[in-house]
Amino acid sequence: GPSALTSTSFHLEDFAKAEELRQAARIFVDWLNGERGGIRLNGKNHTLAIMWFDDRQSELLVANATAWALREFQAHFALGGLGSDLTQHSALQARLDGRPMITAAATRASIFTENP
C-alpha cells in the first residue's frame, strides 16, 4: 500500500502560502509515484499519498490531527506545517508515535534537537 504522509498547519489564514505548499507537494508526489514508482526502501517501491488537516492554529488540534493521521491511516511519517510554534507540537506527537517528521517551514532548533 501507499506510504502515508500527513500534514498539518495549513490553516485558512495562511491559505495562499498553504496552497503553494500543497501544489508543490502534489507536483512532487505525482512525479515520485509516476516517474519513480514511489519511494524505494529495502528493494521495494512504495507509493506516496498525502493527507491534509487544518489545525486552525491550535496546539491541541495539531497534536490530535497528527496522532489521528499517524494511527488511523498508519502513516509512516509526518510532514510539518507552517512555522515553528505548531510544528513543535506535531514533532513531539510524531516522536511519541514512533514516526519521523519532515519539515521545511520551521526554524526553531529545538524541533530538530529535541525530537530526533
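**Helix α2 and its surroundings in the predicted model**

Within α2, the residues Val62, Ala63, Ala65, Thr66, Ala67, Ala69 and Leu70 are buried. The structure described here is a predicted model, and among the elements of the chain α2 has the highest mean pLDDT, at 89. The helix is made up of 14 residues and extends 20 Å from its first C-alpha to its last, close to the 20 Å expected at 1.5 Å a residue. At its N-terminal end, α2 is capped by Ser58, of which a side-chain oxygen is placed 3.3 Å from the backbone nitrogen of Leu60.

Helix α3, which spans residues 84-96, contains Gln93, and this residue has contacts with α2. Apart from neighbours within four places in sequence, Gln93 is in contact with Ala63, Thr66, Ala67 and Arg71; of these partners, Ala63, Thr66 and Ala67 are among the buried residues of α2. Gln93 itself has a relative accessibility of 13% and therefore counts as buried, since the limit for that class is under 20%.

Arg71, one of the residues in contact with Gln93, also takes part in a salt bridge with Asp97, in which the closest N and O atoms are 2.8 Å apart. Because Arg71 lies in helix α2 and Asp97 in the loop between α3 and β6 (101-102), the pair ties together parts that are 26 residues apart in sequence. The count of salt bridges in the model comes to one. The two partners fall into separate accessibility classes: Arg71, at 52% relative accessibility, counts as exposed, whereas Asp97, at 16%, counts as buried.

Beyond the C-terminal end of α2, the loop that leads to β5 includes Phe73 and Gln74. Phe73 counts as partly exposed, with a relative accessibility of 39%, and its C-alpha atom is separated by 9.3 Å from that of Met51, although the two residues are 22 residues apart along the chain. Gln74 is exposed, its relative accessible area being 57%, and its phi is near 50°, a positive value in a residue other than glycine. Most residues other than glycine have a negative phi.

Strand β4, which covers residues 48-52, contains Trp52. This residue is partly exposed, with a relative accessible area of 25%. Trp52 and Gly81 are 29 residues apart in sequence, while their C-alpha atoms are 9.8 Å apart in space.

Confidence varies along the chain, for which the mean pLDDT is 79, with 80% of the residues reaching 70 or more. In contrast to α2, strand β1 (residues 3-7) has the lowest mean pLDDT among the elements of the chain, at 49. Over residues 1-6 the pLDDT is below 50, and this stretch has 31 contacts in the model beyond near neighbours in sequence. The pLDDT also stays under 50 over residues 8-12, for which the model has 27 contacts beyond four places in sequence. Where pLDDT is low, the predicted coordinates should not be read in detail.

Conventions. Residues numbered from 1 in each chain as written. Heavy atoms only, no water. Helix = DSSP H or I, 4+ residues; strand = E, 2+ residues; numbered from the N terminus. Buried < 20%, exposed > 50% of the residue type's maximum accessible area, 1.4 Å probe, protein only. Expected span 1.5 Å × (residues − 1). Polar contact = N/O pair within 3.5 Å; in protein donor to acceptor, adjacent residues only side chain to side chain. pLDDT = per-residue confidence, 0-100. Contact = heavy atoms within 4.5 Å. Salt bridge = Lys/Arg side-chain N within 4 Å of Asp/Glu carboxyl O.
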